[in-house]
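Hi everyone, thanks for coming. Let's take a friendly walk through one structure together, so please have the picture open in front of you.

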Amino acid sequence: MTHDISRDPSELHTPVLLDRCIELLAPVAMTAGSTDGPVIVDATLGMGGHTEALLERFPNLTVIGLDRDTEALALAGKRLERFGARAIRVHAVYDDIARAVHDSGFDRIDGVLFDLGVSSLQLDEADRGFAYAQDAPLDMRMDQSRGETAADVLAQAPEGRLRAIFERYGEEPLAGRYARAIVAARALAPITRSGELVDVLQEATPAAVRDQRHPAKRVFQALRIEVNAELAVLERAIPAALNLLAVDGRAVIMSYQSLEDRFVKRELSRRSTSTAPAGLPVELPEHRPEFRLLTRGAELADDAERARNPRAIPVRLRAAERVRDVR
């Protein structure tokens, strides 16, 4: 079952850390960075909540919104229609950000927003297979027009590969046990539904562990990351986005699990650190940092937002500003 695009998207999704994102992007959203006014990329458009708020508050702003999910693009299109040409929607994975910006007629951008992870639309839509609490076909593709499904991965990956997926992307301590159980189960019948996978994992989990946490949580996360190549895409997308920023341009990035946040932290730290050799008496211009950090560590949602919007509970927000152009 799919969402009816005639519904109001604001009923389906509450944007995470909306006020803080706007506060961080405001200095570039209200300042003309080009002859056509400022340009911000919402690299994870989803249902358009962040983009709508930005376009409402900054009348000279253009936002280029990217999403790999065609249904999300359709819903966002309804929400953003009133902004006309100031809202540009592009069907693309966010590591294709440079092409999307250039094809939209721009060379540099003034800001970029990443709201990583799985969207409310995908989580709430049972037949996408993202949620282990709902029985559904094991799809998990953010773009349902291409690529392998989670069921394909479970059917074809050798035991060692399954174990590696669960260890790396789910940080699952029982990865080996779960991989063996899946291989044994699929020899009897294909695992094509989320309920079937949950049953296999429950059976393979020691009772003491089952009492502590749901055995499917980390495995489902790992499969989703594998199916959508999320970490590989992220490792290309963040550097590409930072490279597109004009001087004084800002990047705001929200992560929801530790693997994403670790990479974001490392990349922003690297670009915000001097490359001058130790002991050099004077820092040469070419060694100066490209960026300065705008947040002290990762910012979390406050108690009020967590209570209002449970999807904000795991968020980690980091932001940086370009201070030197290297082009």
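Let's begin at one small spot: a polar atom in the side chain of D302 lies 3.2 Å from the backbone nitrogen of A304. That is a polar contact, meaning a pair of N or O atoms within 3.5 Å; within protein, one must be able to donate a hydrogen and the other to accept it, and residues adjacent in sequence count only if both atoms are side-chain atoms. You will find D302 in the loop between β6 and α14 (303-308). Helices here are DSSP runs of H or I with at least four residues, strands are runs of E with at least two, and both are numbered from the N terminus. With 49% relative accessibility, D302 counts as partly exposed. For that word, buried means under 20% relative accessible area, exposed means over 50%, and partly exposed is in between, using a 1.4 Å probe and protein chains only.

Two notes on the ground rules. This is a predicted model, where local features need pLDDT of at least 70 and side-chain atom pairs count only at pLDDT 80 or more, while totals for chains, interfaces and linings use all residues. Residues are numbered from 1 along each chain as its sequence is written, and side-chain values use heavy atoms, leaving out hydrogens and water.

Now the sheet. In what order do the 7 strands of the open sheet come? The order is β3-β2-β1-β4-β5-β7-β6, with mixed pairing; two strands pair if DSSP finds at least two bridges between them. β3 (87-91) and β6 (291-293) are at the edges with a single partner strand each, so one side of each has no neighbour in the sheet. Further in, β1 (residues 39-42) and β4 (residues 109-115) run parallel and are joined by 3 bridges. Among the bridge partners, I40 is matched with G111 in β4.

Strand β1 also holds D42. This residue is buried but has no salt bridge, and R79, the nearest side chain of opposite charge, is 9.3 Å away. Here Lys and Arg count as positive, Asp and Glu as negative, and His and the chain ends are not counted. A salt bridge needs a side-chain nitrogen of Lys or Arg within 4 Å of a carboxyl oxygen of Asp or Glu.

Next, helix α3. How many of the 11 residues of α3 are buried? The count is 8, so α3 is largely enclosed by the rest of the structure. Those buried residues include E71, L73 and R79. At the N-terminal end, D69 acts as a cap, with a side-chain oxygen 2.9 Å from the backbone nitrogen of E71.

Let's finish with charges. Side chains of opposite charge can pair when their charged atoms come close. By the salt-bridge rule, the count comes to 25. In one of them, E167 meets R163 at 2.9 Å, N to O. Both lie in helix α7 (residues 159-170), 4 residues apart, about one turn of the helix. Another salt bridge joins E171 and R262 at 2.8 Å, N to O. This pair links distant parts of the chain, 91 residues apart: E171 sits in the loop between α7 and α8 (175-186), and R262 in helix α13 (residues 258-271). Finally, a network of salt bridges links E267, R270, R271, E290 and R322. Thanks for listening!
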